[in-house]
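Q: Please take a close look at a single residue of this protein, and then place it in its wider setting. I am new to the structure and would like one connected account.

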Amino acid sequence: MGLRGGRAVLIAAVAIAIAIAIAGGALGAPRGDDAGVRVATTGNGSELVKTLPITRRPGAEPRVVMSMQPSRLPDLVQGDRLRLTAEIQLTNNCNFSSPRCVGPVYHYAPRIRARLLLAPDATTTGGPAALPLARPERETCSQQRPDYEHHCVLVFTDAGLRIGDPGRLPCELDDCFVNLVADVHHPGAGHGDLIMVGGQRPDGSIPQDRGRINAIRIRGATAADFETSSTDQRLHRRLRPDLQRRVVYSQRLDGLREGDQLSVFASMRTDISHLPYAVRTSARLILADSPGAVRQGNFVRHHALDRGEISESNGSNCTQAEGTCVYRKVGVLEMRQSSVDASGGPVPLYINMVTVLGPKVRKAQPNDRIQLRRRGGIEVTRYPAALNR
């Protein structure tokens, strides 16, 4: 199954959840003259808390980890379709005493649940005052060596709803929040056990900016109004575990104009089953001026909002227990200026999936390589500037 096939499976998997979320009643879709699309993101520094408690009982202490406020969420009217994607990285605390520890040491594998909700405020974690926007994402973050994941990333690829009867929503259309809520549990949890929202530094500090929520509001437009392009061509089939940045997939985009908006989905499948150690793996999405660029250049930073950053960099350790690991990325972007040179000539730009790979615990040998397997790639939906309203 290729990228498109895998994407179809993901969409089908959440179709029931989206159907449940439809807020009944006449849809009253706007006329074609009113058609428009708006994308938005919570962007950099989206995390609202630094730690989550680990409880013995599932769902005992949920927290809003990220929230898209009404001022950031695109305006909504009856008949709109709201699509949402999100990423969040969580990190286990130490399993041995160290200056990096935040709270007590533990050795079990915490069980994480994340949910996306439409809510009346940034503190609502569930109940009748919230509307689920997708099935929960779940992850068990392994602590067992050598299969020590340490970091775990939860990704929502296709959440959302169609706005039916506004009276059935938990909020007024102009006052809705989208909350990413997470809770963590394990029956062996002790008092004060924590998981970090973000990363973990040797000095015990918690670096964040590892996730965000993205929204796409579609009003009176159909798939025929959009352009979708994709690639499953790997730039590398074998990668060194040397902690260097490399582009694994790149999708060229021609003729980007001021006001064009992009929604991006990407995935990568690595195979470490032949190696004697786990592999630290991180990935991010950027807009770039060449297919091999691992950072945004000055041209991109000037011509795209958010300086050409489409997603945060996050990841986890691919372990021997897994052997083959899948990493998914989601994001949105808007062009602030047309991609042309000083004489008005078109300048092609590229969506690049950039990865960093390195060994855990053991030292890599000169001939060690990570295999990049099929069934990955990048898919870009391009909403033309004429719909940017």
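A: The account below begins with one side chain and moves outward to the disulfides, the cores and the whole chain. The model is a predicted one, in which local features need pLDDT of at least 70 and side-chain atom pairs count only at pLDDT 80 or more, while totals for chains, interfaces and linings use all residues. Residues are numbered from 1 along each chain as its sequence is written, and side-chain values use heavy atoms, with hydrogens and water left out.

The residue chosen is glutamate 312, which lies in the loop that runs from helix H2 (298-303) to strand E17 (314-318); helices (H or I, at least four residues) and strands (E, at least two) are DSSP runs, numbered from the N terminus. Glutamate 312 counts as buried because its relative accessibility is 2%; buried means under 20% relative accessible area, exposed over 50%, and partly exposed in between (1.4 Å probe, protein chains only). The side chain of glutamate 312 makes a polar contact of 2.7 Å with the side chain of arginine 212. Such a contact is a pair of N or O atoms within 3.5 Å; within protein, one must be able to donate a hydrogen and the other to accept it, and residues adjacent in sequence count only if both atoms are side-chain atoms. Once neighbours within four places in sequence are set aside, the residues in contact (heavy atoms within 4.5 Å) with glutamate 312 include Asn44, Glu87, Asp209, Arg212, Ala283 and Lys329.

Strand E17 (314-318), which follows this loop, has its last residue number in common with a cysteine: cysteine 318 is linked to cysteine 325 by a disulfide, with the sulfurs 2.0 Å apart. A disulfide here is a pair of cysteine sulfur atoms within 2.5 Å. This link is right-handed, with 90° about the S-S bond, and both of its cysteines are buried. The structure contains 4 disulfides, and their pattern, with bonded cysteines counted along the chain, is 1-2, 3-4, 5-6, 7-8. Another one joins cysteine 171 and cysteine 176 at 2.0 Å between sulfurs; both residues are buried, and the link is right-handed at 95°. Between cysteine 94 and cysteine 101 the sulfur atoms are 2.4 Å apart, and the torsion about their S-S bond is about -130°, so this disulfide is left-handed.

Beyond these links lie the nonpolar cores, each a set of buried Ala, Val, Leu, Ile, Met, Phe, Trp, Tyr and Cys residues joined through side-chain atoms within 4.5 Å. The largest has 42 residues, and Leu116, Val178 and Leu180 have the most contacts inside it. Among the strands that each supply at least two residues of this core are E4 (81-92), E5 (111-119), E9 (177-185) and E11 (212-219). Leucine 116 is in contact with residues including Leu84, Leu133, Phe156, Val178, Leu180 and Ile213. A second, separate core of 33 residues includes Leu239, Leu253, Ala283 and Ile378; Ala283 is also one of the contacts of glutamate 312.

As for the whole, the protein has 2 helices and 21 strands. Of its 389 residues, 55% count as buried. Among contacts between residues at least 6 apart in sequence, 83% join residues at least 24 apart. The C-alpha atoms fill a box of roughly 60 × 55 × 35 Å along the principal axes.
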